Each structure stands twice: as structure tokens, then as C-alpha cells.
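Here is a short, friendly walk through a structure. Have the 3D view open and turn it as you read.

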2 protein chains.
Amino acid sequence: MLRLGVGQMEPVVHDQDGNMEKMRELLSSAAKEDVDVLVLPELLNSGYFFENQEEAIEMSEQIPGGRFSSELKKWSKKNRMVVAGIDEKTEEGLYNSAAVFGNGKHLATYRKIHLFDAEKIWFLPGQEVSPIINFKNYRFGVIICYDWAFPELSRILALNGAQVILHPANLLLSYCPRAMITRSIENWIFTATASRIGVERGTKFLGFSQVTDPRGHILLQMDASEHGVAWVDVDPAVADEKMITKQNNVLKDRRPELYGSLAEILHKE
Amino acid sequence: MLRLGVGQMEPVVHDQDGNMEKMRELLSSAAKEDVDVLVLPELLNSGYFFENQEEAIEMSEQIPGGRFSSELKKWSKKNRMVVAGIDEKTEEGLYNSAAVFGNGKHLATYRKIHLFDAEKIWFLPGQEVSPIINFKNYRFGVIICYDWAFPELSRILALNGAQVILHPANLLLSYCPRAMITRSIENWIFTATASRIGVERGTKFLGFSQVTDPRGHILLQMDASEHGVAWVDVDPAVADEKMITKQNNVLKDRRPELYGSLAEILHKE
């Protein structure tokens, strides 16, 4: 069994100290509650609605050396894993990234491949899907926010063996929490979405962090204002059982040999 | 604009005459209401829960020559299109098919490629995705019931230009009506699901025929008992506008060059 937690907070542009304090509160709550794997929101070190590139750069940091990353890494030392959204500074530019730390080590960085709206201005698109991350003998994949809209990505992670999709987000579109139910069912996997709250520069975020199970049940859902951590105990191994009837394995029932036009476009583009 | 209708009825094994009568009632209602495109349930000529292969064969017919097909073809003469689920008899065996008739012509037959549960015993799996069917300058694709669980299929149809997914079904799983919302949003298309009602050999069907639009709105939804036709006027051309923000085209935002493992599995299997 695994205690799977999601944390909601309100990151603010120009307030790194405040963001750090809020993140520490979530890490502290999660530690008290013995959370094994914690998902924190997208861009939690930076806030979301930048007015210009300078703001996006000002709020960024390197992974794993940066201030937020170091704090996350430290928290993960006690046989814990955490994934958090980081405005990531690199030599070639900024990425909207998710940094994963476990047992005091930097396990992976996933850089968002499907950028939403003005993110296309501030960030470079990632060039790789998330690796499968092993922790406590369970297998995890990472997507970030708008990636939810692309069934290809969760499908690939499920085909690659992910039992749980970890999903840092800054939800704006109300579709997403329901769509994650579909992602769970169609792949027979768990999903854990950590969203953000608050009104930033006139736009209200949705909150609604949630965890779904392979049967499409919502195991927990936070509201639009809650700051804190919610958790649920799950057995990710349940996701290995892909039989939804005696005759139907949701992954093996795929007919990839008939999905020709997907492949065609794959090779054309 | 297009008047898009879905019809619910209760097909019964061993009662071809009754099934025909119920189908005629739906066709008659749809004609009175000036429906342009009508979707009728899966296996409406046969019922669903066969006890043996003989029952499945007894209830089957050829497309387009069979009794139900002929009636559908006749109805379509007056500048109308209809798709209905047919237990289809062929030389090689039975298929769970959807027959499409428009303007008095047989336009297409789609044979279900993802078979559910005992369907794997009675039916052969289809070997092709639905063609894109042109009618009144709009473009349609067809999926049948459990096909909903495979995002690849609706994605292909959307990539191939479908504005509306026509979806004959015999819904049993309550996931589906919500999942169709996700299919709409992720592809920015309309979906029209025609389900069946009634208890057959101890199992209750869901009803819940519905139409969804590209924004994920449920435009209409029938209940679990209603026999009849419901319709809504839609402009399928809305589905050609794939921009969900000024920066985001839901199909062009795909990163097929990164969906490598999908392709790999495609070629491996």
C-alpha cells in the first residue's frame, strides 16, 4: 500500500519567499500525515501569469540545484517521493518542468511537451515523454496540466507500465477533473492531480486537486479554495490487472495494427 | 445546420417482428421531426445477450440486402442519413456492424473493431476503422459501443476529418456517457450516442443516449427507460475550429514525433 497525497497552494509571481513558505507548509503537513508520494502543483516556485519574459526568468531555478528543488530533495530523504512543478532555468531557456525526488535523490525531470496558451511564449516545449519512475516497487509516470488533453501521452505511460500518473497542474479549464476519470478508465490506472488555487492577475484557478482510481472513482477531491494536503491509501498494483471483463484487457484490446492513420501522421509530421 | 437525432429502443432476441416494429416507430418519429441524421442503437435487429451461436445467426441479416437494412435504406431516401447497429451475416461469419444509409444509398458499413465480452464469441472483429462519410457537406465517422474506451479510434476519425462521431451502442457501463464528453473535448468534435433500454436476460441496459458538442456540453441526454427519438440542431462545421485558445489547436498541439512508444507498439504487435 502507498499513501498518495496531493497538495494545493497559491504560488504568486514576485514572491519566492512566500511560495517557499507555502510549499514548506505542505511538505510539513505531508510528513506529519506519513504521505509516501506527494504531488505538488505546476510552477509552484513562480506563479503562472507572467507579464513578460523577465518575470518568468526572475522566478526560475535550476533543477536539481535550485532553492525549491533542494528543499524538495531534502524532504524526500525519509523514504518519500515528491513531484513538483518548477519554472526551470536551463542554458537554452526556460521549461515548464516537473522535478521528481525520491529518497534524497533527483530521480527525473519531465519537461511539459504540450504547452498551454502563453506558456508557448515563456517556455520551450519539452522533447521527451516522462520516464517510468520506480519507487517502493511501484511505477509512476508524470504529465503536467494541459497534457491531460492528449490521450496519447497517458496511453504511452500506461503502455510503458505506469500504475499511477502524477499530474502537477494549474487548472483553469473545468473539463480536466472529469477527463482524468476517462484517463483512469481507458488505461486502468490511478491519477493524482495537484492543482493550484487563488486569483492571479484577474484569473481564478480551479483548485480541484483529485485522485482517481482505475475504475474511475474519485478517491478524493479538494475544493476551489483549500490550502493544504489531502491523501488516500492506494494499492498501485491494482492497476496491473487490466481485465475489465473476463474477455477484455483494456490495453491488449487495442488494435494498433488498425490505427494506421495515427502512425501515418506520426511519420509524416 | 443539421438536425441530429438519436433513437432509443429495446431490441429483443427471438423477436424480429417486434424489433422491426420498434425501429419503424423510431424512423417514423424522426421523419415527423425532420431529423436529417439519425443514430439508432447497436444490434437493433437482434438483441444483445445471445445464449448460443445459433441465436446470433438466427437474428442476423446481410447488409444492405436484409430486412432491417432495406427499411433503413428506404427511410434515407428523402435526403436523410441513418446509421444503425446490425447483427451482420457474411460468408466468413457474423459481425457487430453499423450500416450507414443516405439518400437511398448504402454509404458504408463499419464493423466493430473492439469487441466487448461475449461478443468475442459470437462475432468476428472488424478489420478497418470507419471511413469518413460525407453527407450534406458534413463529415461523419462511426464507432460502436465499447469502441468509446479507445481514444485512438476517435482520434483517428477526428484526424481524418470527422466533425461528428456517430455511436450506436448498447450501454452497460456507466462510464461511457461521461467519457464521450472527453472524446468531444480532446478532439473538438460532436458525438451522438444511441443506446438501448430494457432488461435482457437479467441485465439492465443504461439508456442514456446523448449528444455532446466540442466544448463538452451535453446537448441532450435521454433517460434509462425512454423509447423514442430525441434531437438537437447543430452546426457540425463548428468542429473544424480546433483552436481552444489563441495559441492552442487541439489536434496540431499533438507531438506525434514524441509518441514513439505508441508507434513502436504499433509495429511490434
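Is B:His14 buried, partly exposed or exposed? With a relative accessible area of 45%, B:His14 is partly exposed. Before we look at its surroundings, please keep in mind that this is a predicted model.

**Backbone angles and peptide bonds**

B:His14 sits in the loop of chain B between β1 (2-8) and α1 (16-32). Its phi is positive, about 75°, although B:His14 is not a glycine.

Chain A offers a residue of this kind too. A:Asn79 is another non-glycine residue with a positive phi, here near 55°. You will find A:Asn79 in the loop of chain A between α3 and β3 (81-90). A:Asn79 is partly exposed, because its relative accessible area of 40% falls between the 20% and 50% cut-offs.

A glycine joins the list as well: A:Gly161, just after α5(A), takes a positive phi of about 110°.

The table puts the positive phi values side by side.

| Residue | Phi | Place |
|---|---|---|
| B:His14 | about 75° | loop between β1 (2-8) and α1 (16-32) of chain B |
| A:Asn79 | near 55° | loop between α3 and β3 (81-90) of chain A |
| A:Gly161 | about 110° | just after α5(A) |

Peptide bonds are worth a look as well. In chain A, the bond that joins A:Ile63 and A:Pro64 is cis, with omega about 10°. A:Pro64 belongs to the loop between α2 (53-58) and α3 (67-75) of chain A. Turn to chain B, and B:Ile63 and B:Pro64 are joined by a cis peptide bond with omega of about 10°. B:Pro64 is placed in the loop between α2 (53-58) and α3 (67-75) of chain B.

**Chain A as a whole**

How many helices and strands does chain A have? The secondary structure of chain A consists of 7 helices and 14 strands. Its radius of gyration is 18 Å, close to the 18 Å that the globule rule gives for 269 residues, so chain A is as compact as a globular protein of that length. Along the principal axes, the C-alpha trace of chain A spans about 55 × 45 × 35 Å.

Of the 269 residues in chain A, 64% are buried. Chain A has an accessible surface of about 9700 Å², and carbon and sulfur atoms account for 48% of that surface. Take the contacts in chain A between residues at least 6 apart in sequence: 69% of them join residues at least 24 apart. As for charge, chain A carries 30 positive and 37 negative charges, and the mean positions of the two sets are 6 Å apart.

**Buried places in chain A**

Strand β1 (residues 2-8) of chain A is home to A:Gly5. A:Gly5 is buried, with a relative accessible area of 0%. Leaving aside residues up to four places away in sequence, A:Gly5 touches A:Val35, A:Val37, A:Leu38, A:Val39, A:Ala230 and A:Trp231. A:Gly5 and A:Val229 are 224 residues apart in sequence, with 6.5 Å between their C-alpha atoms.

A:Val6 also lies in strand β1 of chain A, and with 0% relative accessibility A:Val6 counts as buried. Between A:Val6 and A:Gln221 there are 9.5 Å from C-alpha to C-alpha, and the two are 215 residues apart along the chain.

Why can helix α5 (residues 151-159) of chain A be called largely enclosed by the rest of the structure? The reason is that 8 of its 9 residues are buried. Among the buried residues of α5(A) are A:Glu152 and A:Arg155, along with A:Leu153, A:Ile156 and A:Leu157.

**A buried serine in chain B**

B:Ser184 lies in helix α6 (residues 175-187) of chain B. B:Ser184 is buried, with a relative accessible area of 0%. Its contacts, not counting residues up to four places away in sequence, are B:Ile189, B:Phe190, B:Thr191, B:Thr212, B:Asp213 and B:Pro214. B:Ser184 and B:Tyr146, 38 residues apart in sequence, are 16 Å apart from C-alpha to C-alpha.

**How the two copies are related**

A turn of 180° with a shift of 0.0 Å along the axis lays chain B on chain A, with an RMSD of 0.0 Å. The two copies are therefore related as by a two-fold rotation axis. Both copies use the same surface: 100% of the contact residues of chain B recur in chain A.

Methods
Residues are numbered from 1 along each chain as its sequence is written. Chains are lettered from A and ligands numbered from 1 in the order in which they are written. This is a predicted model: local features need pLDDT of at least 70, side-chain atom pairs count only at pLDDT 80 or more; totals for chains, interfaces and linings use all residues. Side-chain values use heavy atoms; hydrogens and water are left out. Helices (H or I, at least four residues) and strands (E, at least two) are DSSP runs, numbered from the N terminus. The radius of gyration is taken over C-alpha atoms; the globule rule is 2.2 Å times the number of residues to the power 0.38. Buried means under 20% relative accessible area, exposed over 50%, partly exposed in between (1.4 Å probe, protein chains only). Contact means heavy atoms within 4.5 Å. Accessible areas come from the Shrake-Rupley method with a 1.4 Å probe; for residues, only the protein chains shown count as cover. Lys and Arg count as positive and Asp and Glu as negative; His and the chain ends are not counted. The place of a charge is taken as NZ of Lys, CZ of Arg, CG of Asp or CD of Glu. Copies are superposed by least squares on the C-alpha atoms of residues with pLDDT of at least 70 in both.
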